[in-house]
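Me: Please pick one part of this model and look at it closely. Then say how it sits among the rest of the chain.

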Amino acid sequence: MPPLIAKWNELKDEDKDLFPLLECLSSVATALQSGFLPYCEPVYQRCVTLVQKTLAQAMMYSQQPDQYEAPDKDFMIVALDLLSGLAEGLGGHVDSLVARSNIMTLLFQCMQDPMPEVRQSSFALLGDLTKACFPHVKPCIAEFMPILGTNLNPEFISVCNNATWAIGEICMQMGVEMQPYIPMVLNQLVEIINRPNTPKTLLENTAITIGRLGYVCPQEVAPMLPQFIRPWCTSLRNIRDNEEKDSAFRGICIMIGVNPGGVVQDFIFFCDAVASWVNPKDDLRDMFYKILHGFKEQVGEENWQQFSEQFPPLLKERLAACYGV
């Protein structure tokens with residue numbers, strides 16, 4: 001660290017050699033986690049300053065283009081990315097730094113920047129701050145959510161991806177208070193998950209966020225189940241067990257409880273998605289068990305036999321072994 005910090009102190013805010021250094025520090029902060037604490041304050045402050053300077057210069061340029069040069073927004077993008085690295089690496093330790101700065105105000109401006117790369121980095125930082133220190137983000141949600149909604153545009157894949165991920169993180173913190181914001185985002189997410197040729201990561205993130213919205217506000221999301229359940233299941237069957245997948249599947253199970261008719265047509269896809277789990281937590285496994293057995297009882301033994309004849313052999317074996325159906 002000392003040579004990196006020496007370099008950091010020697011470079012001016014206008015020096016493009018800052019880019020590789022900021023990128024390097026971002027990786028170091030994420031990896032060192034609390035080990036980065038001794039260095040975090042000056043690094044954090046400088047990133048905020050870089051964002052602030054770039055925004056101020058952009059403002060001056062837009063008002064008097066003949067008097068001022070256009071800013072190089074890469075300074076701001078790299079600074080936002082390093083702030084993300086700090087939030088991810090330091091977690092709750094970043095709280096006091098955020099409290100003493102105007103980062104949320106700056107972020108509000110960055111999220112509306114005409115340059116997609118700036119918005120992309122802003123939404124990543126928003127998601128990381130939501131995970132690290134949500135009390136500072138919460139007062140801004142009413143202003144932020146409409147902006148997130150308008151950025152659910154798959155023409156800008158990375159912007160859309162990060163906005164989608166941030167919405168999913170926000171809703172896990174907001175819980176039932178997410179309700180007023182569902183109409184701002186749900187239709188766009190359902191549209192994206194049904195689009196042909198959507199990249200795999202965007203499909204996965206969209207499915208996770210739809211599941212999470214359903215987890216916190218099932219009554220609002222469940223009526224739309226028939227419109228997304230098939231692509232939702234096929235998007236998530238190939239991702240490995242993790243916390244995000246866990247919360248998304250809990251959401252889908254709760255929504256099926258609210259609107260069981262919404263999955264009848266595509267139940268085979270749900271069975272396949274359930275079978276993709278290697279080690280679900282016990283209570284999630286119970287949720288799967290209840291839905292599978294409930295469906296089997298509902299249609300009757302004979303119809304279930306006919307239905308399960310369509311299963312590929314591996315799926316049949318797996319469901320029999322894990323869930324006794």
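Reply: A helix here is a DSSP run of H or I with at least four residues, and helices are numbered from the N terminus. The model is a predicted one. With that rule, the chain has 18 helices and zero strands. The part chosen for the close look is helix 14, which covers residues 243-258.

Start with its length. Helix 14 has 16 residues, and at 1.5 Å a residue it should span 22 Å; its end C-alpha atoms are 23 Å apart, so the two values agree. At the start of helix 14, a side-chain oxygen of Asn 242 comes to within 3.1 Å of the backbone nitrogen of Glu 244.

Next, which residues of helix 14 are buried? They are Lys 245, Asp 246, Ser 247, Ala 248, Phe 249, Arg 250, Gly 251, Ile 252, Cys 253, Met 255 and Ile 256. An α-helix has 3.6 residues a turn, so residues three or four places apart point the same way. The buried residues of helix 14 include a run from Lys 245 to Cys 253. What covers them includes helix 9 (157-174), helix 11 (200-216), helix 12 (218-221), helix 13 (225-236), helix 15 (267-275) and helix 16 (282-299).

One residue of a covering helix shows this in detail. Arg 212 is found in helix 11. Its relative accessible area is 7%, which is under the 20% cut-off, so Arg 212 counts as buried. Apart from neighbours within four places in sequence, Arg 212 is in contact with Glu 243, Glu 244, Ser 247 and Ala 248, among others. Of these contacts of Arg 212, Ser 247 and Ala 248 are on the list of buried residues in helix 14. Arg 212 is also in contact with Gly 168, Glu 169, Cys 171 and Met 172. Those numbers fall within helix 9, which is another of the elements covering helix 14.

Two of the covering helices also turn up at open or closed spaces in the model. Helix 9, along with helix 4 (74-90) and helix 7 (116-137), gives two or more residues to the lining of the largest pocket. That pocket has a volume of about 240 Å³. Its lining residues are Asp 81, Ser 84, Ala 87, Glu 88, Ala 124, Asp 128, Lys 131, Ala 132, Asn 162 and Trp 165. By class, four of them are nonpolar, two polar and four charged.

Helix 15 is connected with a cavity instead. The count is one cavity of 30 Å³ or more, and the largest cavity holds about 30 Å³ of space. Helix 15 and helix 18 (313-323) each supply at least two residues of its lining. Helix 18 gives the most, with three residues. The lining is made up of Val 274, Ala 275, Trp 277, Arg 318, Cys 322 and Tyr 323. Five of these are nonpolar, none is polar and one is charged.

Not every residue is covered as the middle of helix 14 is, and loops give examples. Asn 197 is in the loop between helix 10 (182-193) and helix 11. Its relative accessibility of 78% is over 50%, so Asn 197 counts as exposed. Phi of Asn 197 is near 60°, a positive value in a residue other than glycine. Gln 33 sits in the loop between helix 2 (18-32) and helix 3 (37-63). Gln 33 also has a positive phi, about 55°, although it is not a glycine. At 44% relative accessibility, Gln 33 counts as partly exposed.

A loop residue can be buried too. Lys 73 lies in the loop between helix 3 and helix 4, and its 16% relative accessibility makes it buried. The side chains of Lys 73 and Asp 113 are joined by a polar contact of 2.9 Å. Beyond four places in sequence, Lys 73 touches residues including Thr 54, Ala 58 and Pro 114.

Finally, the chain as a whole. Of its 325 residues, 52% count as buried. Among contacts between residues at least 6 apart in sequence, 75% join residues at least 24 apart. The contacts of Arg 212 with Gly 168 and Glu 243 link residues of this kind.

Conventions:
Residues are numbered from 1 along each chain as its sequence is written. This is a predicted model: local features need pLDDT of at least 70, side-chain atom pairs count only at pLDDT 80 or more; totals for chains, interfaces and linings use all residues. Side-chain values use heavy atoms; hydrogens and water are left out. The expected span of a helix is 1.5 Å times one less than its number of residues. Buried means under 20% relative accessible area, exposed over 50%, partly exposed in between (1.4 Å probe, protein chains only). Contact means heavy atoms within 4.5 Å. A polar contact is a pair of N or O atoms within 3.5 Å; within protein, one must be able to donate a hydrogen and the other to accept it, and residues adjacent in sequence count only if both atoms are side-chain atoms. On a 1 Å grid over the protein atoms alone, a cavity is a set of points where a 1.4 Å probe fits but cannot get out, and a pocket is an open set with protein on both sides within 12 Å along at least five of seven lines; lining residues have an atom within 4 Å of a point. Grid points are joined across faces, edges and corners, and a volume is the space filled by probe spheres set on the points. Ala, Val, Leu, Ile, Met, Phe, Trp, Tyr, Cys and Pro count as nonpolar, Asp, Glu, Lys and Arg as charged, and the others, Gly among them, as polar.
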